[in-house]
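Biologist: Could you take me through this model with care, keeping to what can be computed from its atoms?

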Amino acid sequence: MKKIKIAVAPGSSCGGCDVALVNLNEKLLDITNYADIVFWPTALDFKIEDLEQVNEIDIGIFVGAIRHKDHVKLAKLLREKSKIIVALGSCACYGGIFSLANLFEKKDLLETVYQKTITTENSNGKMPTESIKMGNIDISLPKLTNWCLPLKNLIDVDIYAPGCPPGERVLEKLYNIIIDFVKNGTVPDKGIALEPLKTLCDICPRKKPEKIVIRKFKRIHEVKLDPELCFLAQGVICLGPISIAGCDANCIKANIPCRGCLGPNQDIHDVAAKFISAIASLVQIDKEKELEEEIVNLIEEIVDPIGTFHRFTFGSGIFNKKQEDVME
Amino acid sequence: MSNRDNENFEPKIVAFLCKWCAYSGADLAGVSRLEYPPNVIPILVPCSGKVDMQFILKAFKEGADGVFIGGCHTPNDCHYISGNYKALKRFTLMRKYLEQLGINSKRIRLEWISATEGVKFAKVMKEFVEEIKKLGPLQTR
């Protein structure tokens, strides 16, 4: 049997997804029986030139969002050489936490980071430059893209493996896809590496009351959480109603509400707008007529709708950025 | 769309009107030959509580400059008992979300208009169109 070639390319990523891959443990060793890993800079010392020299890759895995010029180059190169492209992790799939930066212009981001924060001492107002000459050597930094984007805005993606980081169930499915490809040459269908698609609420082990009523929005440090009862019934925001079930409810079992890292269920175009439709209607649902004004004030208490509802998915919301916008 | 510059700007407004009250109100305004600006594109919905907040974003994305939701008067007019309250609650949170997105929350408006209030419908539409004209065309990134 001929060994296949796998490449893992990093974008703007925290490294957690690479750790999740390493966490495959013995299965990773098993994969190396079937496949050569030809590129994986996070794990071994590879350079982009190494990827350029490889003729053809079977499975190209991209980790992280697109944030600068080198990510663009890497992603396009990977697409060119790979038969199957896998977007691994929520950043590659939806933009992830990094894509919350799209709320601000690039200029403002740099100013905040290099000048405005309290802990920054930069009295000369120095800003990072893209290239500098030191003696005879040119040193350059990759230019930031205008927006932080999920992989699909740039190249065609075959398989989405979301999660922050991708959990066991997603990785197992991905593993099966790889093994199936090696042994039978099966090219997988495009789409998400999870099935069947249900919402987290469908598999949630917690008790749900007949009618969920939110009396007051609470943050998790403000309340002693009942480990048996639905979070929404306790007034704690939980993204279970709209998130895909593909995580075995691990956070829920650890008494932490869902933050939606696996992304929205099918047919949802904008997570935050959909979740607003869902959660706002639960507020004082049985006392609407008596408490009209109070209800409005109560809803105003949600401080940060985008950061709460769009935590991992802002880059793929309805107002996501077009491909032409990537570079100036 | 033709007049996108600020001077002769004619806004596009999508209005989601509930079947029982606001849409009938709009009908009455028409039948009574009341004048109101032609910028409004009415969409019939069964209830203001049916309006998913994704519709608003979709409308903005497709080129609307303002979105209007019309429902039955609170507390007791809603045909489905409390659909208008659902709309009110969603609308409150949605305004906050839009502000964060960088869209002025004045671009969406919620009003209760009964089937007999053709005059109110025409008046509100005039006001809303004026308001959006002042704000100018919606520019989304």
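Biologist: Where is the place of Asp52(B) in chain B?

Modeller: This is a predicted model, in which local features need pLDDT of at least 70 and side-chain atom pairs count only at pLDDT 80 or more, whereas totals for chains, interfaces and linings use all residues. Residues are numbered from 1 along each chain as its sequence is written, chains are lettered from A and ligands numbered from 1 in the order in which they are written, and side-chain values use heavy atoms, with hydrogens and water left out. Helices (H or I, at least four residues) and strands (E, at least two) are DSSP runs numbered from the N terminus, and on that basis the place of Asp52(B) is in the loop between β2 (40-45) and α2 of chain B.

Biologist: Is Asp52(B) buried or exposed?

Modeller: The classes rest on relative accessible area with a 1.4 Å probe and protein chains only: buried is under 20%, exposed is over 50%, and partly exposed lies in between. With a relative accessibility of 10%, Asp52(B) counts as buried.

Biologist: Which residues does Asp52(B) touch, leaving aside those up to four places away in sequence?

Modeller: Its side chain meets that of Lys274(A) in a salt bridge (2.7 Å, N to O), a term for a side-chain nitrogen of Lys or Arg within 4 Å of a carboxyl oxygen of Asp or Glu. The side chains of Asp52(B) and Ser277(A) are joined by a polar contact of 3.1 Å, and the side chain of Asp52(B) also reaches the backbone nitrogen of Gln54(B) at 2.9 Å. A polar contact is a pair of N or O atoms within 3.5 Å, where within protein one must be able to donate a hydrogen and the other to accept it, and residues adjacent in sequence count only if both atoms are side-chain atoms. With contact taken as heavy atoms within 4.5 Å, the residues touched by Asp52(B) are Ala273(A), Lys274(A) and Ser277(A).

Biologist: How many salt bridges are there between chain B and chain A?

Modeller: The interface brings 27 residues of chain B into contact with 40 residues of chain A. It buries about 3000 Å², of which carbon and sulfur atoms give 63%, buried area being the accessible area (1.4 Å probe) that two parts lose on being put together, summed over both. Across this interface there are 21 residue pairs in polar contact, both at pLDDT 80 or more, and the count of salt bridges between chain B and chain A is three.

Biologist: Which element gives the most to the side of chain B that touches chain A?

Modeller: The elements giving two or more residues to that side are α2 (53-61) and α3 (83-101) of chain B. With twelve residues, the one that gives the most is α3(B).

Biologist: With which residue does Lys89(B) form a salt bridge?

Modeller: The pair crosses between chains, from Lys89(B) in helix α3 of chain B to a partner in the loop between α10 (271-280) and α11 of chain A. Lys89(B) counts as buried at 2% relative accessibility, and the partner counts as buried at 4%. The closest N and O atoms are 2.9 Å apart, and the partner is Glu288(A).

Biologist: How many residues apart in sequence are the parts that Asp58(A) and Lys83(A) tie together?

Modeller: Their side chains meet in a salt bridge (2.9 Å, N to O), in which Asp58(A) counts as buried at 10% relative accessibility, while Lys83(A) is partly exposed at 45%. Because Asp58(A) lies in strand β3 (residues 57-63) and Lys83(A) in strand β5 (residues 82-88) of chain A, the parts tied together are apart in sequence by 25 residues.

Biologist: Which residue of chain B has a positive phi although it is not a glycine?

Modeller: The residue has a phi of about 60° and is placed in the loop between α1 (22-31) and β2 of chain B. It is exposed, with a relative accessible area of 75%, and its name is Arg33(B).

Biologist: Which residues does the cis peptide bond in chain B join?

Modeller: The proline of this bond lies in the loop between β3 (66-71) and α3 of chain B. Omega is about -5°, and the residues joined are Thr74(B) and Pro75(B).
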